[in-house]
Amino acid sequence: DVVFKQGDTYMYCDSALFYEEQNAIDAYGTIRIEGPRAQLYGDYLHYDGNLESADITGKVVRMTDGKMELTTDALQYNLKDDIGAYSTGGKVIDRDNVLTSKRGYYFATEKMVFFKDHVVLNNPKFRLESDTLKYHTPTEVAYFYGPCDIYSTASDSGHIYCENGWYNTKTQKAWFGKNAYIQSKENKLVGDSIAYDRM
């Protein structure tokens with residue numbers, strides 16, 4: 001039942017070492033950090049009080065803003081700027097959307113997740129694959145930068161390709177640009193930019 005507090009942030013753990021001169025903490029067991037914009041959970045925490053930086057590791061490291069949930073095995077979180085980062089693979093679950101990537105950054109103030117390297121967005125209606133993607137959790141809109149493939153999970157087996165654009169996963173409306181095309185079993189639509197409405 002160890003509790004530390006800095007500003008508006010509370011840190012809970014089973015046991016801890018406090019380095020007073022360095023203003024740092026090594027905490028162990030049932031780590032929980034409650035900040036104004038995010039809650040974090042893990043097994044081990046190193047916290048630098050001067051930098052307001054937390055390094056959390058564990059079998060499952062979890063972060064949530066109350067709506068979406070991010071899981072990984074190692075997370076660096078800057079409580080001063082409310083920015084989290086992972087580089088060993090992570091997964092974000094947000095309603096019907098499951099996003100995975102090798103690297104990622106979470107900007108809590110904007111509620112934006114930036115995914116990089118082997119990005120996959122799985123939705124009951126489609127699967128999106130890209131190398132770089134931003135996802136805004138309040139609107140559930142995905143923004144992609146660079147080559148992107150979207151595959152329909154319906155029987156039409158549709159395929160969309162573009163190199164920039166956005167997709168609203170809630171309304172199923174989208175805009176595709178740069179070398180964009182929509183391929184179905186019977187037809188192929190090619191354009192400099194394509195407005196899309198699945199409904």
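## Salt bridges: criterion and count

A salt bridge is counted here when a side-chain nitrogen of Lys or Arg lies within 4 Å of a carboxyl oxygen of Asp or Glu. By this criterion the structure, which is a predicted model, has 10 salt bridges. Side chains of opposite charge can pair when their charged atoms come close.

## Arg37 and Asp82

Arg37 and Asp82 form one salt bridge, with 3.0 Å between the closest N and O atoms. The two residues are 45 residues apart and link distant parts of the chain. Arg37 is in the loop between strand S4 (24-34) and strand S5 (39-48), whereas Asp82 is in the loop between strand S7 (69-78) and strand S8 (83-86).

The two partners fall in separate accessibility classes. Arg37 is partly exposed because its relative accessibility is 37%, and Asp82 is buried because its relative accessible area is 7%, the cut-off for buried being under 20%.

## Lys111 and Asp65

A salt bridge also connects Lys111 with Asp65, and here the closest N and O atoms are 3.7 Å apart. Lys111 sits in the loop between strand S11 (103-107) and strand S12 (112-123), and Asp65 in the loop between strand S6 (53-64) and S7, so the pair ties together parts of the chain that are 46 residues apart in sequence.

Lys111 has a relative accessible area of 30% and is therefore partly exposed. Asp65, at 14% relative accessibility, is buried.

## Asp94, Lys67 and a network

Asp94 pairs with Lys67 in a salt bridge whose closest N and O atoms are 2.8 Å apart. Asp94 belongs to strand S9 (residues 90-94) and Lys67 to the loop between S6 and S7, a link between distant parts of the chain, 27 residues apart. Asp94 is buried, with a relative accessible area of 0%, while Lys67 is partly exposed at 40%.

This pair is part of a wider arrangement: Lys67, Asp94, Arg95 and Glu140 are linked in a network of salt bridges.

## Thr137 and its contacts

Thr137 is located in the loop between strand S13 (126-136) and strand S14 (141-152). With a relative accessibility of 1%, Thr137 counts as buried.

Leaving aside residues up to four places away in sequence, Thr137 touches Asp65, Lys67, Met68, Asp94, Lys111 and Val113. Among these contacts are Lys111 and Asp65, which form a salt bridge with each other, and Asp94 and Lys67, which also form one.

## Strand pairing around S4

S4 pairs with S5 in the antiparallel sense over nine bridges. Ala24 has Asp48 in S5 as its bridge partner. The connection from S4 to S5 is a hairpin of four residues, and Arg37 lies in the loop between these strands.

S4 also runs antiparallel to strand S3 (residues 15-19), to which five bridges join it. In this pairing Leu17 stands opposite Asp26 in S4. The hairpin of S3 and S4 has four residues between the strands, and Asn23 takes a positive phi near 55° there. Strand S2 (residues 9-13) is joined to S4 by three bridges, again in the antiparallel sense. Tyr12 stands opposite Arg32 in S4.

Note on methods:
Residues are numbered from 1 along each chain as its sequence is written. This is a predicted model: local features need pLDDT of at least 70, side-chain atom pairs count only at pLDDT 80 or more; totals for chains, interfaces and linings use all residues. Side-chain values use heavy atoms; hydrogens and water are left out. Buried means under 20% relative accessible area, exposed over 50%, partly exposed in between (1.4 Å probe, protein chains only). Two strands pair if DSSP finds at least two bridges between them. Contact means heavy atoms within 4.5 Å.
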